[in-house]
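Thanks for making the time this morning. I would like to walk you through one model, beginning with its confidence and then turning to an interface and a hairpin.

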Amino acid sequence: MTPPDAFAGYTPLASAFDELFSAPGLPRPAFERVAASLKAESAADFEHRQALAEAILLQEGVTFSVYADQRGTEKILPFDVLPRMIAAAEWAALERGLKQRITALEQFLHDVYGPQHILNDGTVPRDLVLGAKHYLPQVQGISPTGGVRIHISGIDLIRDAEGIWRVLEDNLRTPSGVSYVLENRLVTKRVFARSFAEAKVSRVDSYPTKLAEMLRSVAPAGVDDPRVVVLTPGRFNSAYFEHGFLARTTGAPLVEPGDLFVGAGDRVFVRTVRGPMPVDVIYRRIDEAFLDPEVFRPDSMLGVPGLMRAWSRGTVTLVNAPGNGVADDKAVYAYVPDMIRYYLGEEPLLAQVPTYRCDRDEDRAYVLDHLEDLVVKAVDEAGGYGMLMGPQSTAEERATFARQIQQTPRRYIAQPRIELSTCPTWDHEAGAFMPRRVDLRPYILSGRDGPWVLPGGLTRVALVPGSYVVNSSQGGGSKDTWVLKA
Amino acid sequence: MTTPMIARIADHLCWLGRYVERADATARLLIVTRTLALDADLSAEELWLPVLVAAGEDAPYLARFPGPVDGDQVETYLTWDCGVSLLSSVRAARENAWSVRSTSSLEVWQAINELHLWLEADGRKLFERSRHDFYRRVQRFAQLIFGLTQSTMLHDQALDLLWLGVLLERAGQVARAIDVHHLALFEAPDPAVGAMMWLGVLRVCSAYEPFARRRPGQATGPNVAEFLLLEADFPRSIRFSLTEAHAALTRIAPPGSPAGQRAGAHLRRLCDWLDAIQRDTLATDLHGILTHVVDDTARLGSLLWDDLFSGRAGA
């Protein structure tokens with residue numbers, strides 16, 4: 001007698017869209033073939049595969065929060081072995097929407113730091129934009145070396161109860177996580193070899209090549225064979241694994257701020273064993289507040305003094321350009337559909353989440369009356385911090401947020417809580433698959449030739465039962481994302 | 001465009017090599033001393049105190065464990081519990097490997113990471129269960145890592161820097177291994193004990209069989225010392241290690257390059273000095289010669305920093 005398949009008892013939540021099953025035992029049509037292959041496995045098989053996947057990630061050192069404590073305990077980003085799947089046609093539509101969005105955001109940034117047409121004619125409120133925490137007056141009037149501002153972006157997408165994809169937020173500064181996409185894929189290819197081959201999945205391993213090409217394409221004018229480096233805050237940074245990953249897969253040296261200095265002719269140099277060598281392109285994974293103590297934080301010991309001067313003189317390309325944070329501000333987000341219409345003359349292809357801006361009186365009144373139903377977010381925070389999940393909050397938390405909203409209304413927005421879609425996710429305690437909420441962060445590279453979207457992206461999953469928060473800092477994990485070929 | 005090695009990374013590569021070699025050397029010293037203890041007719045004090053002295057840990061050890069020296073306690077101390085323990089060498093190797101993850105190779109990184117994970121978990125169990133297997137396992141890991149550096153890394157500056165660290169550490173460790181027993185060796189009341197100690201030193205350096213092939217039946221103090229110090233063809237002799245280190249440093253910083261010239265000249269002088277050593281001074285001033293080697297390689301370490309790894313030269 002064969003044991004029952006591992007999905008036998010799987011029941012999608014009534015309130016949410018399940019990515020794999022439309023009803024118990026009934027896979028969505030696009031995934032029937034893969035589901036049949038996965039159903040050949042027993043619960044014990046999945047338990048084994050899950051353990052194997054975790055062991056591989058630990059051995060390879062695919063870890064984060066390194067040196068979080070004195071003993072050097074390292075954690076792998078929690079990984080769920082069952083991939084999240086996206087049908088070919090669905091992905092094609094998402095890809096078009098993402099390109100459209102990133103094109104409009106790029107134009108918005110050039111406009112804001114240039115002629116400010118969109119502010120002058122009132123399409124987006126001037127105070128909102130120029131008052132954003134991450135608007136950098138130092139960048140005003142500077143055209144970025146290499147011509148591009150948003151070279152690398154991650155756009156967070158969610159799916160609501162009807163299965164409609166919606167943009168949750170834009171990450172236009174130093175989005176992280178792409179290394180996990182590639183490492184997760186290596187793991188699923190090892191532990192799910194057969195199902196993977198049968199599923200016909202779009203490859204993700206072209207990312208480093210595309211990244212290297214993009215970085216070379218945006219070098220300062222006249223540089224044919226640019227020297228590109230990846231700049232990390234250092235090995236104690238929680239994303240250090242990724243910084244090293246990007247450096248070695250693109251062949252660029254991984255440098256720290258102390259390795260660089262600005263020398264003659266406002267050029268950036270790197271200290272090598274053969275003396276200083278000029279640097280043309282810097283893929284910086286350092287927050288811009290710590291890029292250049294001459295400009296941003298005179299008290300900071302970090303950074304490269306003079307780097308902004310070199311950039312503004314056009315001797316070096318910074319990837320991403322400083323100042324992009326004004327466009328991924330959570331309040332400015334509300335105007336992205338208007339930007340798409342304004343700059344491209346098109347209707348937005350991707351929906352987003354209705355957003356209340358607490359600096360508008362009627363919005364704020366509504367938000368304060370409905371805190372229990374809404375998700376409140378600080379506009380300049382990320383990683384799931386500065387957030388109130390209304391329906392799960394305590395009266396005390398709501399009182400705290402109400403006070404903060406009244407004190408600094410510009411800092412807050414609120415959105416209805418979206419019933420995030422779910423994926424079957426292995427629950428070790430239960431020894432079975434359970435529906436857990438997911439989101440998706442696709443990665444977009446934009447060089448001189450326009451945007452390119454990595455097929456798939458990072459699926460983050462809220463591993464805690466009932467949770468809506470997918471951030472790794474808050475008990476979230478990740479899954480491999482399989483974009484099926486047409 | 002290829003970029004010469006980043007100065008800071010160069011430093012980490014050098015230390016990575018050093019720490020793996022140091023972990024290996026600690027395992028060698030402990031396994032051999034342990035084996036000697038089985039039939040050496042020497043007191044625990046006579047056998048183990050020199051080991052602590054060589055590690056520079058005699059004072060802290062004696063402060064922590066007053067009373068008669070206990071071999072098992074020394075092994076535990078030098079493997080797990082002190083600043084220069086085998087465990088701390090492996091941890092430091094791994095930290096440096098983490099810093100140069102993008103410059104070494106996937107396989108080198110995995111092997112070091114695996115050694116570290118093993119040591120902290122199953123390694124501790126094996127240490128309790130079968131000490132001999134434990135040390136052998138550490139040595140095997142070290143040799144695996146060294147082999148992988150040769151077979152999976154680009155043969156460029158990164159490899160030379162890593163091996164510069166290995167070779168300088170090796171020269172220092174071999175000098176210490178000889179020096180540990182130099183008094184007992186030359187002044188042993190019983191020639192049989194002296195010979196046995198010499199054989200022990202040869203084993204620490206994996207030199208027993210190579211020595212026997214060069215000097216069959218002639219395991220005297222001066223012969224062994226000469227072999228370990230000066231044998232041009234033996235890969236763990238001090239002269240071989242330093243000559244190779246000099247060759248690596250010359251490839252890293254060739255004549256005319258803006259950095260590393262002072263360190264290169266210093267190492268050249270040390271090699272020349274070794275070449276000029278007369279056999280009869282080995283017997284009269286072995287300790288002085290070994291001390292010079294240890295001190296001079298240590299000075300080289302700070303010269304390398306000023307001249308090469310700080311990135312200030314030529315800037």
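Chain A has a mean pLDDT of 90, with 96% of its residues at 70 or more, where pLDDT is the predictor's confidence in each residue, from 0 to 100. This is a predicted model, in which local features need pLDDT of at least 70 and side-chain atom pairs count only at pLDDT 80 or more, while totals for chains, interfaces and linings use all residues. Residues are numbered from 1 along each chain as its sequence is written, and chains are lettered from A and ligands numbered from 1 in the order in which they are written.

Among the elements of chain A, the mean pLDDT is lowest, at 64, in strand 3 (residues 63–64) and highest, at 98, in strand 13 (residues 281–284); helices (H or I, at least four residues) and strands (E, at least two) are DSSP runs, numbered from the N terminus. Over residues 66–72 of chain A, pLDDT stays under 50.

Now the interface: 25 residues of chain A are in contact with 29 residues of chain B, contact being C-beta atoms, placed from the backbone, within 7 Å. On the chain B side, helix 1 (7–39), helix 5 (86–99) and helix 6 (106–129) each supply at least two residues, and helix 6 of chain B gives the largest share, four residues.

Finally, the hairpin: strand 20 (residues 422–427) and strand 21 (residues 432–441) of chain A run antiparallel, joined by six bridges, and pairing requires at least two DSSP bridges. Cys423(A) has Arg436(A) as its bridge partner in strand 21 of chain A. Four residues separate the two strands, and Gly431(A) in the turn has a positive phi of about 65°.

Notes. Contact = placed C-beta atoms within 7 Å.
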